[in-house]
2 protein chains.
Amino acid sequence: MKKHDQDFMKRQNRLTVFQIIKNEQPISRAAIAKQTGMSPTTVSRIVAELTDEGYVHETEEQVSAGRGRKSSLIRLLDTAVISIGVELDRDRANIGFVDIQGNVLCSESFSRPPNEEASTTVARIGSTIEDLIATGGIDRKRIVGIGVGLPGIIEVQEGIVKFSVQLGWKNIGLADLLQDVTGFQAVVDNELKVKALAEQLKGSAYGSNRTVLLGFGNGVGSALILEGEIYRGVTNSAGEIGHTTVDPEGMMCDCGKAGCLQTYINIPSLLSEASKIKPVRTIEELFAERRAGTHWACYLIDRALAYMAITVNNVVSMYNPDSVILSGEILDKFPEVHEEIVNLCSRYVWEPLQGSFSIVRSKLHEEGVMIGSGMVAQDRYFQLN
Amino acid sequence: MKKHDQDFMKRQNRLTVFQIIKNEQPISRAAIAKQTGMSPTTVSRIVAELTDEGYVHETEEQVSAGRGRKSSLIRLLDTAVISIGVELDRDRANIGFVDIQGNVLCSESFSRPPNEEASTTVARIGSTIEDLIATGGIDRKRIVGIGVGLPGIIEVQEGIVKFSVQLGWKNIGLADLLQDVTGFQAVVDNELKVKALAEQLKGSAYGSNRTVLLGFGNGVGSALILEGEIYRGVTNSAGEIGHTTVDPEGMMCDCGKAGCLQTYINIPSLLSEASKIKPVRTIEELFAERRAGTHWACYLIDRALAYMAITVNNVVSMYNPDSVILSGEILDKFPEVHEEIVNLCSRYVWEPLQGSFSIVRSKLHEEGVMIGSGMVAQDRYFQLN
């Protein structure tokens, strides 16, 4: 049982009221009180504070409050709070301004040489933010923080990148670096975890209680959102399925084990296998060979899709979610594979679990990580303020 | 956000106070108020109610409450509440009376022909309970319910066995049957889930926040306890790892897929593989062959242990727990395999996750399911009353 001191309770109540307004606006003070079990006085005090600070406002809309009385409705000011969302990947960075509803106000990206040092990447993020503020007419006072999503194992509390093969970083205090350069409070998180959160909050898994997002691209991973919260595990590594073993006699993986899931489905592995036969530099080239009916390309991609269906089975057996989102570069670039994976699931998913979940496409696509990172930055802000 | 009506809040507060007393006894009213954030008046009212009802009592012990005042401490009456815990397996049933601390007061078991009809098994459970009440001197008024743990997929809310290969049951309304025969309120749950809960509450994972229990025996399964609660998933099937695919080209499984984890490690599969060479009827015989150095027995068991270490890797990658409990018939009967599996983990667990969790032995062994089922029955009682 957590120790609730008074300050904590106050902050918690404030956050609760704020989130109810955010999720159910327009809403009356009475409805907030009913839902939270707080007293009408407490709710009114918190709403007044939030109004003074420019987060919410009373609208012209009214609902009947019984006996002919009317009660005003509260709404958020969408741009009352803005955060910066950053997606960092091996070879590019996408940076955008995100409002309280998760709308992207403006964005920009730059390409990044693999293994670029963190300080250089951070400096470039800093100057891109300044460009966007200038050209996008962003009100600097409204910016509450910056969130970054990237592939790897992240220590979220301190914002440390413990380990990212894709970026070539190890033990980088990224949040501190970002804070020093930009002046904004920074949060760092795993890309799939924030993407899953974004899809659950405003994308393809809206309304789901137990969402799994699978990402198939340069890496392979999963993320679980439980009742609106990221499931992290003890070291924020939950969902790292890339190195689950799917064939102990299989190919060697760069991690030193054999038969890791990622050796069958991530893009670098597919290209390296294909190149044993013919130089294939991009995933587009490999899919073009498949479309042309080249037998080894068909074999490689069919096998990868079968392993993706197996991944759905294995993840569903463990997490038992209501929704599975298929996402990642392979799905974004070749939308036709979604149907193929869904069809393969009828063969590879354990029969008692078939029908217990729906498989959906990602709705936010390339913007998912940026939006999710921005939202995580806002959450952190409201927890601390 | 849940709708908290006043009654719900009251019940919830009562349960909270009760659980704090249970976990931290002896404890003063002031300490309860501090931990829960409830007012001293509310805490005193709830403690008075619980005292009247014979659940708790004020002890002679006292703590200083400042300025020379003394404050009395509250304790549970261990036998204020008793429940019946039942472990049901393919070929036997264990039935015991469990007090509020999870102590087994008395127990009895009977063997059960596989595929025995549910009504027959329930009738036998009913008469065993009556025997135990008579011979064990159990106060019938104190019995708050009966909990049953069994292998299979269970609809917990209604207490329906959707599907149990081991018992040969499908869509059995077991809770209703039990309630009709015994007169006690009944809960039915998956055996590994209740066993994991028992280990976390009073066994080898005491104090853990994220516990995974693995069960290796007639079936293969896992259960996750998150901050003291069973993680169920949407259809209570979370942790059903027996049919995760570990080799798509592997042996056929009775579920109709190939290469399911259970085909490499559950007892029936091991015996059926061994019997291709020589009739082997029990797991003891197979281990005796291994001890004698028979090469195929060594191969089969070594392979099974490697797959158990792979299971640790796959489960840890997905749930990222702080503790993993190895349990089940194979571990109970051949305790030496624990060390072997732990050693294999250094080869099969992904390097970044090594050291993020501890591997422990089950502490409650054969009593785990019985104790856990009894505790689940008590939880249900306190939620409803």
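Start with the empty space: this predicted model has 4 cavities of 30 Å³ or more. The largest of them has a volume of about 140 Å³, and 16 residues line it. Beyond that, here's a quick tour of the contact between the chains, a few backbone oddities, one buried loop residue and the salt bridges.

**The largest cavity**

- Which residues sit closest to the centre of the largest cavity? They are A:Thr244, A:Asn314, B:Thr244, B:Asn314 and B:Met318.
- Helix α10 (295–319) of chain A and α10 (295–319) of chain B each give at least two residues to the lining.
- Sorted by class, that lining comes out as 10 nonpolar and 6 polar residues, with no charged ones.

**Where the chains meet**

- On chain B, 50 residues are in contact with 50 residues of chain A.
- The two chains, B and A, bury about 4,200 Å² between them, and 64% of that is on carbon and sulfur atoms.
- How many salt bridges run between chain B and chain A? The count there is 0, although the structure holds 38 over all chains.

**Backbone oddities**

- In chain A, the peptide bond from A:Gln25 to A:Pro26 is cis, with omega near -5 degrees; A:Pro26 sits in the loop between α1 (6–24) and β1 (27–28).
- Over in chain B, the bond from B:Gln25 to B:Pro26 is cis too, again with omega near -5 degrees, and B:Pro26 is in the loop between α1 (6–24) and β1 (27–28) of that chain.
- A:Asn320 isn't a glycine, yet its phi is positive, near 50 degrees. You'll find A:Asn320 in the loop between α10 and β15 (323–327) of chain A, and it counts as buried because its relative accessibility is 0%, under the 20% cut-off.
- B:His365 is another non-glycine with a positive phi, about 45 degrees. Its spot is the loop between β16 (358–361) and α13 (368–384) of chain B, and at 34% relative accessibility B:His365 counts as partly exposed.

**A buried loop residue: A:Leu167**

- A:Leu167 lies in the loop between β9 (160–164) and β10 (169–172) of chain A. Buried or exposed? With 0% relative accessibility, A:Leu167 counts as buried.
- Setting aside neighbours within four places in sequence, the contacts of A:Leu167 are A:Leu88, A:Asp89, A:Arg90, A:Arg112, A:Asn115, A:Leu150 and A:Pro151.
- Take A:Arg90 from that list: A:Leu167 and A:Arg90 are 77 residues apart in sequence, but their C-alpha atoms are 4.9 Å apart in space.

**Salt bridges**

- B:Glu58 and B:Arg29 pair up through their side chains at 2.6 Å, N to O. B:Glu58 is in strand β2 (residues 56–64) and B:Arg29 in helix α2 (residues 29–36) of chain B, so the pair ties together parts 29 residues apart in sequence. Both partners are partly exposed, B:Glu58 at 44% and B:Arg29 at 26%.
- B:Glu273 bridges to B:Lys276, with the closest N and O atoms 2.7 Å apart. This is a mixed pair: B:Glu273 counts as buried at 17% relative accessibility, while B:Lys276 counts as exposed at 63%.
- B:Lys333 and B:Glu284 meet at 3.1 Å, N to O, linking helix α11 (residues 329–333) with helix α9 (residues 283–291) of chain B across 49 residues. B:Lys333 is partly exposed at 38%, and so is B:Glu284 at 36%.
- In chain A, shared partners join A:Arg14, A:Arg45, A:Glu49 and A:Glu53 into one salt-bridge network.

How values were computed: Residues are numbered from 1 along each chain as its sequence is written. Chains are lettered from A and ligands numbered from 1 in the order in which they are written. This is a predicted model: local features need pLDDT of at least 70, side-chain atom pairs count only at pLDDT 80 or more; totals for chains, interfaces and linings use all residues. Side-chain values use heavy atoms; hydrogens and water are left out. On a 1 Å grid over the protein atoms alone, a cavity is a set of points where a 1.4 Å probe fits but cannot get out, and a pocket is an open set with protein on both sides within 12 Å along at least five of seven lines; lining residues have an atom within 4 Å of a point. Grid points are joined across faces, edges and corners, and a volume is the space filled by probe spheres set on the points. Helices (H or I, at least four residues) and strands (E, at least two) are DSSP runs, numbered from the N terminus. Ala, Val, Leu, Ile, Met, Phe, Trp, Tyr, Cys and Pro count as nonpolar, Asp, Glu, Lys and Arg as charged, and the others, Gly among them, as polar. Buried means under 20% relative accessible area, exposed over 50%, partly exposed in between (1.4 Å probe, protein chains only). Contact means heavy atoms within 4.5 Å. Buried area is the accessible area (1.4 Å probe) that two parts lose on being put together, summed over both. A salt bridge is a side-chain nitrogen of Lys or Arg within 4 Å of a carboxyl oxygen of Asp or Glu.
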